[in-house]
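Colleague: I'd like to talk through how the pieces of this protein fit together. Could you pull it up?

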Amino acid sequence: MELSQLEVFLAVARERRFSRAAAKLYRTQSAVSQTIRKLEDDLGEALFDRSSREGILTDAGKVLYEYAEKLINLRTEANESLSELRELQKGKLVIAANEFTVLYLLPVLAEFRRLHPMIKITVERALGSHIPDDVLRYAAEFGVLSYEPQEPNLRSVVVYLDELVFVVPPKHPLASAPQVSIRQLGVESFVAHIVSSPYREKVIQLFKTLKTPLHMDAELPTLQAIKQFVAMGNGVALVPGISVENEIVRGELVRIPVLELQLKRKLRLIYRKDASLSHAAKAFLKVAEAVALEHKGRYRFQRED
């Protein structure tokens, strides 16, 4: 049983005559009759009462009529839904990010929402080390990383250049210093993130190399908590530059260059290499590229293939 056969069947049932159905379908009456006969043979049931010229449905025909309408309507609905997806009138986009990398997404998401308000976006919070696997197992279509993924089945696009920055509260003795050295920081009380990272290990190693103690006297679970705690006068911190831009502009925190500290990192947008991206995902990549061209500065859109 094919949908094309059901379309002919519905036309005959509605028009009540094979000749009128044929005219409506722009087919010959013979072709319509053959299609109905083939459908009846396939089903093993007579669908029309041949003793009447009015094309009256048999009991089997009445049952099939109800299901045929549903199937044809479902096909129409499916085609309309696909068209809406193509035209970005519906759809869903899932992105995996962590507390740090999601900060890059905010201006991109704002522009995407402005252009495509009907697309639902979900940003799933995930550990940075888990994000590549989340993308590979289809839990998310995109991921945002602060390191280069090693999985060969992933594509990546460099979208932002960030660096680790040293911040102090405005009333800190070092707040007016043009720059400091690592050795000057040996007496400071650092507020650190409770989750370890490769960059934290690099900082620890740098202090060891320069034979300078690193006092991490407080560990907090979020960047927001670290920023607020330091702004209140409770120590100093090394945090991603993107995370403190607003606080520095508002004067809540002061950024001081550290002579020996040059820890820059690239943020990458990743997705499956063998995947056929959804229409929403393709549109998101275009928006990310447009944002990079508009903002420039630290924003990028450099494919790594």
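Modeller: Here is a short run of questions and answers about its domains and salt bridges.

This is a predicted model, where local features need pLDDT of at least 70, side-chain atom pairs count only at pLDDT 80 or more, and totals for chains, interfaces and linings use all residues. Residues are numbered from 1 along each chain as its sequence is written, and side-chain values use heavy atoms, with hydrogens and water left out.

Colleague: How is the protein chain divided into domains, and which residues make up domain 3?

Modeller: The bounds come from an automatic or database domain assignment. Domain 1 takes 3–70, and domain 2 is made of 72–160 + 265–304. That leaves domain 3 with 162–264.

Colleague: How much area do domain 1 and domain 2 bury between them?

Modeller: Interface size is often given as the accessible area lost when parts come together; here that's with a 1.4 Å probe, summed over both parts. The C-alpha centres of the two, domain 1 and domain 2, lie 48 Å apart. Of the area buried between domain 1 and domain 2, 52% is on carbon and sulfur atoms, and the total is about 480 Å².

Colleague: Which three residues supply 70% of the area that domain 1 buries against domain 2?

Modeller: Seven residues of domain 1 are in contact (heavy atoms within 4.5 Å) with four residues of domain 2. No other three residues supply more of domain 1's buried area there than L3, E7 and K70.

Colleague: Which side chains meet in a salt bridge at 2.3 Å?

Modeller: A salt bridge here is a side-chain nitrogen of Lys or Arg within 4 Å of a carboxyl oxygen of Asp or Glu. Between domain 1 and domain 2 the count is one. The side chains that meet at 2.3 Å, N to O, are E7 and R75.

Colleague: How far apart in sequence are the parts that E163 and K264 tie together?

Modeller: The structure holds 17 salt bridges, and E163 with K264 is one of them, its closest N and O atoms being 3.3 Å apart. E163 lies in strand β4 (154–168) and K264 in strand β9 (264–272), so the pair ties together parts separated in sequence by 101 residues. Strands are DSSP runs (E, at least two residues), numbered from the N terminus, and the separation asked for is 101 residues.

Note on methods
Buried area is the accessible area (1.4 Å probe) that two parts lose on being put together, summed over both. Helices (H or I, at least four residues) and strands (E, at least two) are DSSP runs, numbered from the N terminus.
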